[in-house]
Amino acid sequence: MTEDDATRSSLPVDDQDEEVRVTAARRRLLDRLSRQDVVNAGRWTRDELYERGERPSLI
């Protein structure tokens with residue numbers, strides 16, 4: 001039994017279920033993101049993102 005197994009076995013059932021759901025959701029998200037192509041969003045500054053009515057150019 002690993003330390004993680006020991007920790008899980010001491011958690012109430014609801015907490016175990018929540019941990020399983022969170023872990024599975026994180027795995028699905030990372031799997032999906034790893035299959036997506038990288039997008040060149042161009043160069044921008046934080047201030048440009050918050051300027052009213054303007055968007056940084058996406059090249």
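How exposed is Glu18, in terms of relative accessibility? In this predicted model, Glu18 has a relative accessibility of 39% and so counts as partly exposed. That residue is a handy place to begin a tour of the structure, starting with the overall fold and then returning to the side chains.

The protein contains 3 helices and 0 strands. Read from the N terminus, its elements follow the order α-α-α. Confidence varies along the way: the mean pLDDT of the protein is 78, and 64% of its residues reach 70 or more. Helix H1, which covers residues 3-10, has the lowest confidence, with a mean of 56, whereas H2 has the highest, at 91. A newcomer may therefore like to keep in mind that the features described below for Glu18, Arg21 and Leu30 belong to helix H2.

Turning to the surface, 0% of the 59 residues of the protein count as buried. The exposed area comes to about 6000 Å², of which carbon and sulfur atoms supply 51%. Part of the surface is a nonpolar patch of about 250 Å², made by Leu29, Leu30 and Leu33. Leu30 lies in helix H2. With a relative accessibility of 49%, Leu30 counts as partly exposed, because the exposed class begins only over 50%.

Back at Glu18, the side chain of this residue has a partner. Glu18 and Arg21 are joined through their side chains by a salt bridge, with a distance of 2.9 Å from N to O. A search of the whole structure finds 1 salt bridge. Both residues sit in helix H2, which spans residues 13-35, and because they are 3 residues apart there, about one helical turn separates them. Helix H2 thus brings together the salt-bridge pair Arg21 and Glu18 and the patch residue Leu30.

How values were computed:
Residues are numbered from 1 along each chain as its sequence is written. This is a predicted model: local features need pLDDT of at least 70, side-chain atom pairs count only at pLDDT 80 or more; totals for chains, interfaces and linings use all residues. Side-chain values use heavy atoms; hydrogens and water are left out. A salt bridge is a side-chain nitrogen of Lys or Arg within 4 Å of a carboxyl oxygen of Asp or Glu. Helices (H or I, at least four residues) and strands (E, at least two) are DSSP runs, numbered from the N terminus. Buried means under 20% relative accessible area, exposed over 50%, partly exposed in between (1.4 Å probe, protein chains only). Patches are made of residues with over 30% relative accessible area and no salt bridge: like charges are joined within 9 Å, nonpolar side chains (Val, Leu, Ile, Met, Phe, Trp, Tyr) within 5 Å. Accessible areas come from the Shrake-Rupley method with a 1.4 Å probe; for residues, only the protein chains shown count as cover. pLDDT is the predictor's confidence in each residue, from 0 to 100.
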